[in-house]
Amino acid sequence: MDSAAISRLSNITRHLYPHPASSSSTSHLFEGGLIKVSPEVSDALSRGAAVVALESTIICHGMPYPQNFKTAKEIEAIVRDNGAIPATIAILDGIPRIGLQIEELERLAKTGAQVRKTARRDIAAVVAAGVDGATTVSATMFFASMVAISVFVTGGIGGVHRHGEQTMDISSDLTELGKTPVAVVSAGAKSILDIPRTLEYLETQGVCVAGYRTNEFPAFFTETSGCKVSCRVDSPEDAARLIEANTKLNLGTGVLIAVPIPKEHSASGSLVESAIQKALMEAKEKNIKGSAETPFLLSRVNELTGGASLASNIALVKNNATTGSRIAVCLAQMRGYGDQVKS
C-alpha cells in the first residue's frame with residue numbers, strides 16, 4: 001500500500017473513530033478531493049464534539065429566496081446556540097461538501113430550484129457531471145454516515161405517496177433509514193403522503209420510530225396523524241440513549257425521532273388537508289410525478305393556505321434543530337465529550 005493510500009485510510013479512520021487526543025484536522029476526508037469536509041466540522045469530528053448534519057434540498061427546493069437563505073442561517077445559528085456544530089451537506093461543482101461557508105449557502109439559496117435535487121441514486125451522476133446538487137434526506141444520511149455524524153436534522157421525511165400501492169412511489173428516505181445508522185430528527189412525514197403505509201414500510205425496514213414527548217406520529221404541519229409510534233422518548237438524554245443502543249448493537253439501521261410541530265405554529269389540520277387534496281388533484285391533472293411532485297405540492301399547499309404552511313414549515317424545522325442539537329450534545333457527552341445539554 002503506497003503512502004497516499006495509507007494517509008487516506010488514516011483520515012477515514014480518524015473520522016469514523018474520533019478521539020479527543022487527536023489534535024490535527026483536515027478540510028478533506030479524502031485527500032484526493034472526492035469529498036470535502038470543512039475545517040470546522042473536521043476539527044469537531046476529530047475531537048468527538050457534537051455535530052449536526054443539515055440537508056440542502058430545503059434551501060433550494062423548500063422555499064423561495066431570500067427566505068431560504070435567511071432560514072438556513074437561522075437554523076445553523078440555532079444548532080450553535082445549543083452547543084453543536086452545524087454541517088450543512090451539498091454537492092458543489094461535483095464535490096460533496098460537509099459543512100458550508102456562508103457564501104456557499106447563499107449560492108445555493110440564490111440558484112434555488114435550478115440546483116439538481118439529489119437523492120442517493122443521483123449522487124454518482126451529479127459528481128460525474130461536476131454540477132451542483134441539493135441533497136435530500138437519503139443523500140444527506142449517506143454522507144453524514146461516511147464521516148460518522150450521528151444526528152441529522154430535517155423538516156420532514158419522505159414516505160409512501162398516496163396511492164403508492166398502485167404507483168410504487170416510495171421515497172428512498174425510507175430505504176436509507178433501513179440501512180444507514182444515522183438518527184433523523186424530523187416532524188414526522190409530510191402530510192401530503194400516506195402516513196399509515198409509510199410507518200408500515202419503516203417497520204418492514206426495521207427502523208425504530210420514536211415519538212419525542214408524544215405517543216403519536218406527527219404529520220408535519222400538525223401534531224397528530226392518528227398513528228401510534230413504536231416507542232417514546234421524553235428528553236434529549238432518552239433520545240441519545242436510544243441512538244447509542246442502536247449503534248452499540250450494530251443494528252445497521254437509522255433511528256427516526258419524530259418531533260411534533262409546536263402547538264402555536266401548528267396549522268389547522270382541516271385547512272391543510274383541504275389544500276393537500278386540491279394540490280394532489282392538480283398534480284394529477286398536470287401529470288407531475290416523481291421527484292417533482294413534493295416541491296410542487298408543498299408550494300401549491302402554501303399558496304392555497306395563504307402562506308400558513310410555509311410559516312409552519314420554518315417553525316418546525318427550527319424546533320427540530322433545537323431538539324436535534326441537544327440530542328447530539330447529549331450523545332457526545334455520553335461518549336465522553338461535550339458539555340451538559342439543556343433539557
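These legends describe close-up views of a predicted model.

**View 1. The whole protein has 14 helices and eleven strands.** The chain counts 343 residues, and 55% of them are buried. Many contacts join distant parts of the sequence. Among contacts with a separation of 6 or more, 70% are between residues 24 or more positions apart. The protein exposes about 14,400 Å². Carbon and sulfur atoms supply 53% of that area.

**View 2. The largest nonpolar core holds 102 residues.** Five members touch the most other members: Ile98, Ile149, Leu202, Phe217 and Ile257. Helix H14, residues 308-334, gives the most to this core, with eleven residues. Domain 1 (1-14 + 34-149) and domain 2 (155-337) both contribute residues, so the core lies between them.

**View 3. Ile98 is one of the core residues that touch the most other members.** Its contacts, leaving out residues up to four places away in sequence, fall in several stretches of the chain. Ile35, Lys36, Val37, Ser38 and Val41 are among them. Ala87, Thr88 and Ile89 also touch Ile98. So do Phe143, Val147 and Ile149. Ile149 is itself another of the core members with the most contacts to other members.

**View 4. Phe142 and Phe143 form an aromatic pair.** The count of aromatic pairs comes to two. In this pair the ring centres are 5.3 Å apart and the planes stand at 65 degrees. An angle over 60 degrees counts as edge-to-face, so this pair is edge-to-face. The two residues differ in cover. Phe142 is partly exposed, at 26% relative accessibility. Phe143 is buried, at 2%. Phe143 also touches Ile98.

**View 5. Phe220 and Phe221 form an edge-to-face pair.** Their rings lie 4.7 Å centre to centre, with 75 degrees between the planes. Both residues are buried. Asn313 is in contact with Phe220 and Phe221. Asn313 is found in helix H14, the helix that gives the most residues to the largest nonpolar core. Asn313 is buried too, with a relative accessible area of 9%.

**View 6. Helix H5, residues 102-111, has a buried side.** Glu104, Leu105, Leu108 and Ala109 are buried. They cover an arc of only 140 degrees around the axis, which puts them on the same side of H5. Glu103 and Lys110 are exposed on the other side. The buried residues pack against two helices, H3 (57-61) and H4 (67-81). They also pack against strands S3 (85-92) and S4 (95-98). Just after H5 comes Gly112, with a positive phi of about 60 degrees.

**View 7. Helix H10, residues 195-204, buries one face.** The buried residues are Ile195, Thr198, Leu199 and Leu202. Seen down the axis, they fall within an arc of 95 degrees, so they line one face of the helix. Glu203 and Thr204 are exposed on the face turned away from the buried side. The buried residues of H10 pack against helix H9 (172-177). Strands S9 (208-212) and S11 (255-258) are also packing partners. Leu202 is one of the core members that touch the most others. Just after H10, Gly206 takes a positive phi of about 75 degrees.

Technical notes. Residues are numbered from 1 along each chain as its sequence is written. This is a predicted model: local features need pLDDT of at least 70, side-chain atom pairs count only at pLDDT 80 or more; totals for chains, interfaces and linings use all residues. Side-chain values use heavy atoms; hydrogens and water are left out. A nonpolar core is a set of buried Ala, Val, Leu, Ile, Met, Phe, Trp, Tyr and Cys residues joined through side-chain atoms within 4.5 Å. Buried means under 20% relative accessible area, exposed over 50%, partly exposed in between (1.4 Å probe, protein chains only). Helices (H or I, at least four residues) and strands (E, at least two) are DSSP runs, numbered from the N terminus. Domain bounds come from an automatic or database domain assignment. Contact means heavy atoms within 4.5 Å. Rings of Phe, Tyr and Trp (its six-membered ring) pair if their centres lie within 6.5 Å; planes under 30 degrees apart count as stacked, over 60 as edge-to-face and the rest as tilted. Accessible areas come from the Shrake-Rupley method with a 1.4 Å probe; for residues, only the protein chains shown count as cover. The arc is that of the directions from the helix axis to the C-beta atoms.
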